[in-house]
Amino acid sequence: RALGMSEESLDHIRSGAATGDADQDLAIRCADELAATRRLSDATWSEMVDRFGLATTLDAVFTVGAYTALAMGLNSCDVQIEGRPAS
């Protein structure tokens, strides 16, 4: 929301439904695949490189990886997010 995404877009992402925007759907699929398997399939890698180029594909992989590592560290150290109750 803070980045200007609509509730409709967020609902699409949460549900896994297509957004209707091919670039956005591919980026979401890339992030989901990285989160689930820790790597991109050959097909997704090829599609990402064809659509966005090698540099942007690598940016996506390393961005998901960096945020995953950050989340692991914060979760392991029990860092609480302001305004959220401890779980």
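Q: Among contacts in the chain between residues at least 6 apart in sequence, what percentage join residues at least 24 apart?
A: This is a predicted model, in which local features need pLDDT of at least 70 and side-chain atom pairs count only at pLDDT 80 or more, whereas totals for chains, interfaces and linings use all residues. Residues are numbered from 1 along each chain as its sequence is written, and side-chain values use heavy atoms, with hydrogens and water left out. Contact here means heavy atoms within 4.5 Å. Among the contacts in the chain between residues at least 6 apart in sequence, the part that joins residues at least 24 apart is 26%.

Q: How many helices does the secondary structure of the chain come to?
A: Helices (H or I, at least four residues) and strands (E, at least two) are DSSP runs, numbered from the N terminus. Read from that terminus, the elements of the chain follow the order α-α-α-α, and along the principal axes the C-alpha atoms fill a box of roughly 40 × 30 × 20 Å. The count of strands is zero, and that of helices is four.

Q: What percentage of the residues in the chain is buried?
A: A residue is buried under 20% relative accessible area, exposed over 50% and partly exposed in between, with a 1.4 Å probe and protein chains only. Of the 87 residues in the chain, the buried part comes to 13%.

Q: Which residues make up the largest nonpolar core?
A: A nonpolar core is a set of buried Ala, Val, Leu, Ile, Met, Phe, Trp, Tyr and Cys residues joined through side-chain atoms within 4.5 Å. The largest one holds five residues in all, namely L26, C30, L34, L40 and M48.

Q: Which helix gives the most residues to the largest nonpolar core?
A: One member of the largest core, M48, touches L26, C30, G53, T57 and A60 when residues up to four places away in sequence are not counted. The helix that gives the most to this largest nonpolar core, with three residues, is α2.

Q: What distance separates the end C-alpha atoms of α2?
A: The expected span of a helix is 1.5 Å times one less than its number of residues. Since α2 has 16 residues, it should span 22 Å at 1.5 Å a residue, and the model agrees, with the end C-alpha atoms apart by 22 Å.

Q: Which residues of α2 are buried?
A: The cover over the buried residues of α2 includes α1 (7-15), α3 and α4. The residues of α2 that are buried beneath it are L26, I28, C30, E33 and L34.

Q: Is D23 buried, partly exposed or exposed?
A: D23 is found in helix α2, where, leaving aside neighbours within four places in sequence, it is in contact with R51 and F52. T68 is 45 residues from D23 in sequence and 22 Å from it in space, C-alpha to C-alpha. Because the relative accessible area of D23 is 37%, this residue is partly exposed.

Q: What volume of space lies in the largest pocket?
A: On a 1 Å grid over the protein atoms alone, a pocket is an open set of points where a 1.4 Å probe fits, with protein on both sides within 12 Å along at least five of seven lines, and lining residues have an atom within 4 Å of a point. Grid points are joined across faces, edges and corners, and a volume is the space filled by probe spheres set on the points. For the largest pocket, the space is about 630 Å³.

Q: How many residues of the lining of the largest pocket are nonpolar?
A: The lining has 19 residues, and A27, A31, T63, V64 and Y67 lie nearest the centre of the pocket; the elements that give two or more residues to this lining are α2 (22-37), α3 (42-52) and α4 (54-76). Ala, Val, Leu, Ile, Met, Phe, Trp, Tyr, Cys and Pro count as nonpolar, Asp, Glu, Lys and Arg as charged, and the others, Gly among them, as polar. By this division the lining has three polar residues and two charged ones, and its nonpolar residues number 14.

Q: What is the phi of R38, a residue that is not a glycine?
A: R38 lies in the loop between α2 and α3, and it is exposed, with a relative accessible area of 55%. Although R38 is not a glycine, its phi is positive, at about 65 degrees.

Q: Which residue just after α4 takes a positive phi?
A: Helix α4 has 23 residues and reaches 33 Å from first C-alpha to last, close to the 33 Å expected. In the segment after this helix, the residue with a positive phi of about 55 degrees is D78.
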